[in-house]
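Visitor: I am new to this structure and would like a close look at one part. Please take me through the surroundings of the ligand.

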Amino acid sequence: MQTVPPNSPLATVDWRDGSLLGPGVQQSEKTLGQLQAVFSDRSEFAAMDPSQVVYRVQWVPAEGANQEGGLLWGNTTIQPGRVGDEYFMTHGHFHLKRDRAEFYATVQGEGMLVLMDENRRGSYEPMKPGSLHYINGNVAHRVVNTGSSQLRFVACWPTDAGHDYGTIAEEGFSLRVLCRAGLATVVRSDR
Ligand code: M6P
Ligand code: ZN
């Protein structure tokens, strides 16, 4: 009988921090300067270094770009920090294909997953190591690092979901997470 050789796994996840290793792994980073539209305190923002990295993203495509029915796997690492009272956070997005859902799961650190539907109804979920978060389709999502160390989470989302950043850059989220008297506090932020 002939032996059957295995295929290689897509990549390796280091479960200590969620990072990915493998030939197909892609990465990007977002600097403070690229996040100008999202922080509310303009004068504090202007005094900070725009080249400072706020978060890094890794992802691995399992199928070709925009493949309907395909999935992507990735992770995000958000640095601790604030612009004035507002904690460092991801840009946040709706999916271009609005009905596409997503999973997030926290590996390290603490934070908040901030959600908003298309009627600007906001909600949020605390993130801590092990917390699993299901993001319904048609819901914008952003992660805020409320801790004093890196916040790292893994994510899985449909290949053809896409990112709609424009709506968030223009209209923002309806909730903001601020440091008030040393505590992470969620406030309304309607425009
Ligand atoms: C997660 C996923 C990615 C996303 C990243 C950073 O890893 O949701 O699709 O790009 O977080 O979030 P954003 O795109 O809002 O900057
Ligand atoms: Zn998403």
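Guide: In this predicted model, an oxygen atom of ligand 1 lies 2.7 Å from an N or O atom in the side chain of H163. With the ligand in place, the protein covers 96% of the 370 Å² of accessible area that ligand 1 has on its own. The space that ligand 1 takes up is the largest pocket.

Several elements of the fold contribute to the surroundings. Those that give two or more residues to the shell around ligand 1 are strand 4 (53-61), strand 8 (102-108) and strand 13 (151-158). Of these, strand 13 gives the most, with three residues.

The shell can also be read residue by residue. Ligand 1 is surrounded by 15 residues, and the closest are Y55, T76, E102, Y104 and Y165. Sorted by class, the shell has seven nonpolar residues, six polar ones and two charged ones.

T76, one of the closest residues, also makes a polar contact: an N or O atom in the side chain of T76 is 2.7 Å from an oxygen atom of ligand 1. At G92 the backbone takes part, with one of its polar atoms 2.8 Å from an oxygen atom of the ligand. To put the polar contacts side by side, H163 and T76 reach ligand 1 through side-chain atoms, whereas G92 does so through a backbone atom.

In short, ligand 1 occupies the largest pocket, with 96% of its accessible area covered by the protein, and strand 13 gives the most residues to its shell.

Technical notes. Residues are numbered from 1 along each chain as its sequence is written. Chains are lettered from A and ligands numbered from 1 in the order in which they are written. This is a predicted model: local features need pLDDT of at least 70, side-chain atom pairs count only at pLDDT 80 or more; totals for chains, interfaces and linings use all residues. Side-chain values use heavy atoms; hydrogens and water are left out. A residue is near a molecule or strand if one of its heavy atoms lies within 4 Å of it. A polar contact is a pair of N or O atoms within 3.5 Å; within protein, one must be able to donate a hydrogen and the other to accept it, and residues adjacent in sequence count only if both atoms are side-chain atoms. Accessible areas come from the Shrake-Rupley method with a 1.4 Å probe; for residues, only the protein chains shown count as cover. On a 1 Å grid over the protein atoms alone, a cavity is a set of points where a 1.4 Å probe fits but cannot get out, and a pocket is an open set with protein on both sides within 12 Å along at least five of seven lines; lining residues have an atom within 4 Å of a point. A molecule sits in a cavity or pocket if more than half of its atoms lie within 2 Å of its grid points. Helices (H or I, at least four residues) and strands (E, at least two) are DSSP runs, numbered from the N terminus. Ala, Val, Leu, Ile, Met, Phe, Trp, Tyr, Cys and Pro count as nonpolar, Asp, Glu, Lys and Arg as charged, and the others, Gly among them, as polar.
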